[in-house]
Amino acid sequence: MSVLVVGTVAFDSIETPSGSAERILGGSASYFSLAASFFTSVRIVGVIGQDFPQEYLELFSQRQIDLEGVRREKGDTFHWRGRYHEDINVRDTLELHLNVLAGFVPQLPERYRDAEYVFLGNIDPVMQLEVLNQIRRMKLVVCDTMDHWIQGSVEELRKVLKRIEMLVINDSEARLLSGYSNIVRAARAILKMGPKVVLIKRGEYGVLQFSDSSIFATPAYPLEEVFDPTGAGDSFAGGFMGQLARSGDHSQRGIRRAIVYGSVVASFTVEDFGVKRLTNVSLPDIEARYKSFTELTDFHT
Ligand code: AMP
């Protein structure tokens, strides 16, 4: 079973209390696809510029990630520059250059149109809708978004929300989208907008999952040092959806397991800069940490 992702393939320049990195591989589709590729095959829909290096494309190819849907356009690649505070949960966007992403109209290769698992990464909701319109068969559509789109394109975002099963969103963005500061109320209000499941990411505090009939909470895996939190949310989503596609189990139990797999993959991502850790961790490492995660949260024994 393969997963299709639309999102950014980017250059990121990052400063964290542990160090800095210039123009490294980033973007929501990059983190998502590398994370999901541990579990299932992945196809990317996105855009890069003339300046995008071959060695970054090879990182994807080494993991058998399908790049037929990545178009190379005239111009420069999307570039994001961010700085994290001493409190690593807080970050500022210092620069955002859309470059080739401005005006990008996703065009799915013919063989992508039967995608059953679809992740609409953090990107303009107009582009998310464009992707949905081109897909023939869908089993599960999961969507991410951010404050930028909630503030600027809420009408289009609401159209997307009516057509998806699950929304993955930060706590502050859930408050912004719903107008409620209480997170339970915020989640209930978002459920009324369309998705059957809302997953609220709370950084180092973990994830809360809401549906009409249940609430599930998991912590983040406790780490002594977080080098670079960039991409944690997208890696979470990649591990989560990758596991759902691998297992085919969309029951409440299956969703809970997938949330823990997502949390495990995200915990590896933040151990080094950019996607580095995702390129040197293995599936047995992920399974081992999944097992210790089970012990971490077990209070039945
Ligand atoms: P995360 O840390 O999981 O929220 O995602 C970080 C990634 O989002 C970075 O690699 C950036 O390249 C990308 N990003 C930052 N701002 C935007 C934006 N406005 N639209 C799309 N992607 C973005």
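**Helix 8 and the strand 8 pairings in a predicted model**

Helix 8 (residues 232-247) has 16 residues, which at 1.5 Å a residue should span 22 Å; the C-alpha atoms at its ends lie 22 Å apart, so the expected and modelled spans agree. The model is predicted. Most of helix 8 is covered, with 12 of its 16 residues buried. The buried set begins with D234, S235, F236 and A237, continues through G238, G239, F240 and M241, and ends with G242, Q243, L244 and A245. An α-helix has 3.6 residues a turn, so residues three or four places apart point the same way. Just after helix 8, G248 adopts a positive phi of about 70 degrees.

Strand 8 (residues 117-120) is paired with two other strands, strand 1 and strand 9. Strand 1 (residues 2-6) runs parallel to strand 8, and four bridges join the two. Within this pairing, V6 has L120 of strand 8 as its bridge partner. Strand 9 (residues 140-144) is likewise parallel to strand 8 and is joined to strand 8 by four bridges. Here F119 stands opposite V142 of strand 9. The connection from strand 8 to strand 9 passes through helix 3 (residues 125-134), forming a β-α-β crossover that is right-handed.

The side chains of strand 8 are divided between two directions: Y117 and F119 point one way, whereas V118 and L120 point the other way. All of these residues are buried. L120, the bridge partner of V6, and F119, which stands opposite V142, therefore point opposite ways from strand 8, and both are buried under the cut-off of 20% relative accessible area.

How values were computed: Residues numbered from 1 in each chain as written. Predicted model: local features only at pLDDT ≥ 70, side-chain atom pairs only at ≥ 80, totals over all residues. Heavy atoms only, no water. Buried < 20%, exposed > 50% of the residue type's maximum accessible area, 1.4 Å probe, protein only. Pairing = 2+ DSSP bridges. Right-handed = clockwise from strand over helix to strand, strands pointing away. Expected span 1.5 Å × (residues − 1).
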